[in-house]
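Me: Please take me on a close look at a single part of this one. I'd like one connected answer, with the wider picture brought in where it helps.

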Amino acid sequence: MNLADPGLPKVIRRLPWAFALAVPVSLAIAAGSVWLPVALGRPGAGGMWGSVLMPLSIFAPVFVAIGFVRMRLVRIRRRVSATGGRCCTACLHDLSGLGEAGRCPECGDGFDVQRDQASWRKAGLLGKQGL
């Protein structure tokens with residue numbers, strides 16, 4: 001799936017940005033774990049720090065970012081499933097009870113239920129008949 005495809009919902013196209021924002025945050029946490037022993041006056045490279053914690057502080061940011069994106073995708077999947085695809089493609093606001101087309105009351109983005117459901121299907125988040 002090409003995440004830059006304009007036929008995909010906006011919340012799906014923004015997932016790379018979520019990953020890009022999660023990486024620096026988790027890298028900052030990892031950097032803190034590297035500098036914490038130095039600040040405490042125990043900068044040793046051996047023992048548990050050198051064999052376990054240092055590699056963990058290098059790889060953990062990537063896994064944290066992947067976990068963040070995965071949680072976001074699960075949230076999107078649940079919302080689409082709960083609304084039968086009648087949710088805003090930009091903010092996931094429930095559009096049930098509104099007309100077939102209009103503007104999202106939450107974010108102001110335009111919606112068309114048929115087009116939006118087609119984009120959810122294209123993203124693989126909605127079954128053939130709307131669930």
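Reply: A quick definition to start: helices (H or I, at least four residues) and strands (E, at least two) are DSSP runs, numbered from the N terminus. Let's zoom in on helix 4, which covers residues 113-122.

Some ground rules before the details. This is a predicted model, so local features need pLDDT of at least 70 and side-chain atom pairs count only at pLDDT 80 or more, while totals for chains, interfaces and linings use all residues. Residues are numbered from 1 along each chain as its sequence is written, and side-chain values use heavy atoms, with hydrogens and water left out.

On confidence, pLDDT is the predictor's confidence in each residue, from 0 to 100. The protein has a mean pLDDT of 78, with 73% of its residues at 70 or more. Helix 2 (residues 15-39) has the lowest confidence, with a mean of 71, and strand 1 (residues 101-103) has the highest, at 93.

Here's where helix 4 fits in. The protein has 4 helices and 2 strands, and going from the N terminus, the order is α-α-α-β-β-α. The final α in that order is our helix.

Now for the helix itself. V113, D116, Q117, S119 and W120 are its buried residues (buried is under 20% relative accessible area, exposed over 50%, partly exposed in between, with a 1.4 Å probe and protein chains only). These five span an arc of only 160° around the axis, so they sit on the same side of helix 4. That arc is the one made by the directions from the helix axis to the C-beta atoms. As a reminder, an α-helix has 3.6 residues a turn, so residues three or four places apart point the same way.

Take D116, which lies in helix 4. It's an aspartate, yet D116 counts as buried because its relative accessibility is 4%. Setting aside neighbours within four places in sequence, D116 is in contact with T89 and F111 (contact means heavy atoms within 4.5 Å).

F111 leads us to one of the nonpolar cores, but the other core is a better place to begin, since W120 is in it. A nonpolar core here is a set of buried Ala, Val, Leu, Ile, Met, Phe, Trp, Tyr and Cys residues joined through side-chain atoms within 4.5 Å. The largest one has 13 residues, and V11, I12, I76, V80, L92, W120 and L125 touch the most other members. Helix 1 (10-13) and helix 3 (47-83) each put in at least two residues, and helix 3 gives the largest share, 3 residues. I76 shows how this ties back to our helix: leaving out residues up to four places away in sequence, I76 touches V11, I12, L92, W120 and L125. F111 turns up in a second, separate core of 6 residues, along with A90, L95 and C104, among others.

L92 deserves a moment of its own. You'll find L92 in the loop between helix 3 and strand 1, and its phi is near 70°, a positive value in a residue other than glycine. L92 counts as buried because its relative accessible area is just 2%.

Back at the end of our helix, G124 lies in the segment after helix 4 and takes a positive phi of about 80°. G124 counts as partly exposed because its relative accessibility is 49%. In sequence G124 and L8 are 116 residues apart, but C-alpha to C-alpha they are 9.8 Å apart in space. Across the whole protein, 48% of contacts between residues at least 6 apart in sequence join residues at least 24 apart.

You may also be wondering about the cysteines. There are 0 disulfides (a disulfide being a pair of cysteine sulfur atoms within 2.5 Å). C87 is in none, and its nearest cysteine sulfur, in C88, is 7.7 Å away; C87 is also buried, with a relative accessible area of 0%. The sulfur of C107 has C88's as its closest cysteine sulfur, but at 3.6 Å that is too far for a bond. C107 counts as partly exposed, at 39% relative accessibility.

Finally, stepping back to the whole protein: 30% of the 131 residues are buried.
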